[in-house]
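Trainee: I would like to learn how cavities, buried side chains and cysteines are read from a set of coordinates. Could we work through one case together?

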Amino acid sequence: MSKWVYNFGAETDGKADMRNLLGGKGANLAEMSSLGLPVPPGFTITTEVCIAYYEQNKKYPDALKAQVEVALNNIEKQTGMSFGDASNPLLVSVRSGARVSMPGMMDTVLNLGLNDKTVQGLAIKSGDERFAWDSYRRFIQMYGDVVMGLEHHDFEDILDQHKRDMDITEDTDVKADGWKHIVSQYKALVQRELNKPFPEDPHEQLWGAVGAVFDSWMVPRAIKYRQINEIPENWGTAVNVQAMVFGNMGDDCATGVAFTRDPSTGENFFYGEYLVNAQGEDVVAGIRTPQSLTVKGKEREGSDLPAMEEVMPEVFTQLDAVRTKLETHYKDMQDIEFTVQQGTLYMLQTRSGKRTAAAALKIAVDMVNEGLITKEEALLRLDPQSLDQLLHPTLDPKAEKNVLTKGLPASPGAASGIAVFCADDAETRAHNGEQVMLCRTETSPEDIHGMHAASGILTTRGGMTSHAAVVARGMGRACVAGAGAIAIDYASKTMSVGNQVIKEGDLVTIDGSTGEVMLGEVATIKPELSGDFSTVMGWADEMRRMKVRTNAETPMDAQTAIDFGAEGIGLCRTEHMFFEPDRIQHVREMIFATDKKGREEALAKLLPAQRSDFTELFKIMNGLPVTIRLLDPPLHEFMPHEEVDIEHFAKTAGLEMDFVKRRHAELSEANPMLGHRGCRLAITYPEICAMQARAIFEAAVETGAMPEVMIPLIATRAELSILKKIVIEQAEAVFAEKGKKVDYMVGTMIELPRAALMAGDIAHDAEFFSFGTNDLTQTALGMSRDDAAKFLPEYVEKGILERDPFVSLDQEGTGQLVEIACEKGRETRSDIKLGVCGEHGGDPSSIGFFERVGLDYVSCSPYRVPIARLAAAQEALKNGKKPSVTPMKKAA
C-alpha cells in the first residue's frame, strides 16, 4: 500500500532530502524534529496526493483518509489532547508546502477544530475566554475566505464596524463579549451568503481545508508564479497539518519571523520581527507595528518599541541558539517562523531565505571564510541570473510609480527618459544632454545610433531575442519589448495606452527586469560592485572549463566586457559599424552601383573606417581572440525607407529618383531572413568579402592580433570554400604589402539545420564552428523570433514547449542539431574550436547544455559575461570537469 502521510514531531518519518515528496516545509519540519528542536507534532500529506487529486478529478486516493486518522491519533498522543473533544480540544493548522518556496501563493488555515463547543473547552483550559473567542473568530474568517470562498473584506467590515461602535482602534482592545458578538455576525454572514451554516464538525473542517490547499495549487496567482519562476505544474504541493501553538494567549506569548542573516545586505546579524500576544498573520498583515528581535535592529530602525531581546531575554537566548544550530546544520541563511506560548518556544518553519544578489554574494563569501562551506558549495548555491541586479541600475523600491502597462523584460535595468519616436531624434536630443527613451514599434539595425544614444528602449512588438532585446543587452541598455498594449503613432509622435496619451517629450520610465512601463520619472539606484563580487568571480574562473567571450562591435561594449572578465570577442557584427552617418551613404552607393567597379569604389571609401574599427577592438582585446562575422543582413536593411531620406540619398549620390526607387523595389524581399543575406551576399558580391577581409588583416598586422574570420549563414561546404579562398587571398596580399604575418583562422557560423547535418563535410574547410543559436532556433522550429512572442506564452502555458526557445535553448530539438554538428565536426577535424555566439550563450540553463556537449567557449552580451562565468563554473562542477581556464589575474 502506498504511503501518503508522513509524521513529524517526537515520531518522525521524513528528512530534509525528501523535499520532492514532502515539500520544502514538510521536509524541514521533519528535519528540525530530528535535530531535537521544539516542533509541534503533525503530519505531511505528500505531493503525490496532490498529483493524484488532479489526475482523479479531485478525488483522494482510497487509503488516504485512514492514514490521516492514524496520523491525527499520533498528534493526540503527543499533545494529550483530542481532535473535536469539547473539554480538551486539539486544534491544528493546515498549510501548503511545495518543494520550492512559493511565498503567499497558496492557502493556509489556522485554529482548525474550533466550533461552538470546543471554543468553550479552550476558554476553560486556557483560563482566557477572550483568547478562545479571538481564536474562533480568526478561524471563521480564514476558513470562510480560503475554503468557502467568501470575501475577506466582508469579515473585516464587520470587525471594523464593531470597533467603531465601541470607540476602539486596536483588535487587542476587543473584549471577550465583543469577540462572541463578532463570531455570531461572522456565522450569520456565512449563512446569508452561502445559504448554509458554518461547519461545526472538525473532521469536515479538516478535509475542507486540505482540499482548499490542493485547490490553491491551481489558482491564477500560483500558476503565474510558477510560470515566472519556471516551476513545473506536475510537482504539486504537499499539505502540512500541525498541532496549533498560540502566540495570542497573553503577554508571555509571541509570534515572529526571522532571518539568520540580513537578507538585504548579507551581514551576519540576527534579523527579524515579532509581536507579543499575536498570531502569525498579524506580523505580516500590517494591523500592528512589528517589533525588532534585537536591540541592534531596534536601534537601526530608530524604533522606540522594545526588542524581544529585552522583553523575553530567556526565550530570545533559546531562539538565538536555534538560529546558530539551523544555520550550521543547513549551511545556509535560514528564514524561520516561531511562536512563543506561555514562555515556551516552538519552531514552525525553516527554509533557505530569499535574499538580494548582493546579500547572496556576501553570505557565500563569509560562509567560506567561516569554514562553514567550501568554495565549490558557495558557487553552486548562487543564482547566476540574480547577478543582473548588481550590473544594472534598479528602481528605488521606496519610489512611487504609475504603471501604464507591462511588456517583456528584454534587457535588465531601469531607465527614465523623454519619449522620442525615431533614432535620429534620440541621437540629437541625447547629444543636447537630455535623457531619452527610444519608443518604436520595433527596431532595426538602422536605429542603432538612436539605441546607443537612448537611456532605455521600448518596443511594442518583438520578443526576448528581437533586435531591440539583443542589441539592448549588448549595450547594457534597459529594454522592454513586446508591450502590445501600447499603440505608437509616428505621424503625431505619440503613443497611447487605453485613454492615456504620451506625447514626444513626456517622461517615461521602464524596468527591464520586470517589463513594467511607467509614466513619469521613477528614481533609480546605481549598482555598486563589491569585493565579494570579485572574490566569487575569481572562484568561478578557477572552477570553470569553458571560456567566456563577449558579443561586441563598439569600443565601449568591448571595454565593458573586458571589465566584466570577458576572454575575447566571440561575435563582432560588422554590419552595425556601417550605420554611422558618415558611412551609410557609402554603403548605399555600393548597393546602387550597377557594376563591380562602382561597388569597389564605394567599398574603398569604407575600408579605412572598417580598418579603424577593427584596430580599436584589437587594441582593447590586447591579444585575446576576436571573431569577426562578415556582413550578414540583407542589403535592403541599409536602404533609406522614408521618402525624404530617399530623396536626400538620391541628391547626394547624384542619382535619378526613378532609378533609386526601382533599385529599392528590386532589393525588397518577401522573406528577408531566408533571403539574399549572409554568405549569399558575398557569393554574389565577392568584393564585399574582399574589402572586409583586407580591413581585418591590415588592422591585425598593425596590432599583432590573431583574428578569427567567420563566414555567416552557410548551408554547403562549397559556399565556405569559395569565400575562404577570398579571405586567404586578401590575407596573403596584406602580408606581402606589410612584410609581416599574423596567425588567423577561418571558420563559420552553424545557424542552418543543413549546415549542422553536413558539419563533417564543412569541417574540411572550417577551423572553427560558432553556433548562431538565434537563427538556428528560428530555422529549426520554423518560428520568427520577432513574431513568436504573440503565441509562445500560450505554448509554454499549455506545455507544448517547456520554455521560450529563444530565451533558453530547445535542447531536445535545436540542441540535437548542435550535438550532431559537434560530433561530425570533431570526426573530421579533431582540434576544431567550438563555441556559441547566440543569445543562449548567456543563459545559465543553455550553458549547462553547452558544457555537456563540450563547447570550448560561450559568447554573450557584455553585461551577461559575469552570469556566464558563474554558470560555466557551476556546470563544470556538476559534470566533474577539470578546469582548463587560467584564473584571471586582474580583479573582475
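Mentor: We will take cavities, cysteines, and then several single residues in turn. This is a predicted model, in which local features need pLDDT of at least 70 and side-chain atom pairs count only at pLDDT 80 or more, while totals for chains, interfaces and linings use all residues. Residues are numbered from 1 along each chain as its sequence is written, and side-chain values use heavy atoms, with hydrogens and water left out.

Trainee: How many cavities of 30 Å³ or more does a search of the whole structure find?

Mentor: Rolling a probe the size of a water molecule over the atoms shows where empty space is left. A cavity here is a set of points, on a 1 Å grid over the protein atoms alone, where a 1.4 Å probe fits but cannot get out, and its lining residues have an atom within 4 Å of a point; points are joined across faces, edges and corners, and the volume is the space filled by probe spheres set on them. The search finds five cavities of 30 Å³ or more, and the second largest holds about 60 Å³ of space.

Trainee: Which residues line the second largest cavity?

Mentor: Among them are L630, L631, C679, I688, Q692 and P712. Helices α26 (679-684) and α27 (686-703) each supply at least two residues of this lining, where helices (H or I, at least four residues) and strands (E, at least two) are DSSP runs numbered from the N terminus. By class, the lining has 10 nonpolar, two polar and no charged residues, with Ala, Val, Leu, Ile, Met, Phe, Trp, Tyr, Cys and Pro counted as nonpolar, Asp, Glu, Lys and Arg as charged, and the others, Gly among them, as polar.

Trainee: How many disulfides are counted?

Mentor: A disulfide is a covalent bond between the sulfur atoms of two cysteines. With the rule that a pair of cysteine sulfur atoms must lie within 2.5 Å, the count comes to zero disulfides. In the case of C479, the closest cysteine sulfur, in C439, is 11 Å away, so the two are too far apart for a bond.

Trainee: Is K187 buried or exposed?

Mentor: Buried means under 20% relative accessible area, exposed over 50%, and partly exposed in between (1.4 Å probe, protein chains only). K187, in helix α7 (residues 176-194), is buried because its relative accessible area is 19%. Its side chain is joined to that of E200 by a polar contact of 3.3 Å, meaning a pair of N or O atoms within 3.5 Å, of which, within protein, one must be able to donate a hydrogen and the other to accept it, and residues adjacent in sequence count only if both atoms are side-chain atoms. Not counting residues up to four places away in sequence, K187 also touches D116, Y136, I140 and F198, among others, contact being heavy atoms within 4.5 Å.

Trainee: Which residues does Q585 touch, not counting residues up to four places away in sequence?

Mentor: Q585 touches F649, T652 and A653 on that count. Q585 lies in helix α22 (residues 581-592) and counts as buried at 14% relative accessibility.

Trainee: Where does N57 lie?

Mentor: N57 lies in the loop between α2 (47-55) and α3 (64-79), has a positive phi of about 60 degrees although it is not a glycine, and counts as exposed at 61% relative accessibility. N195, in the loop between α7 and α8 (202-216), has a positive phi of about 60 degrees and is exposed, with a relative accessible area of 66%.

Key
1 Å grid on protein atoms, 1.4 Å probe; cavity = no way out; pocket = protein on both sides within 12 Å on 5 of 7 lines; lining within 4 Å.
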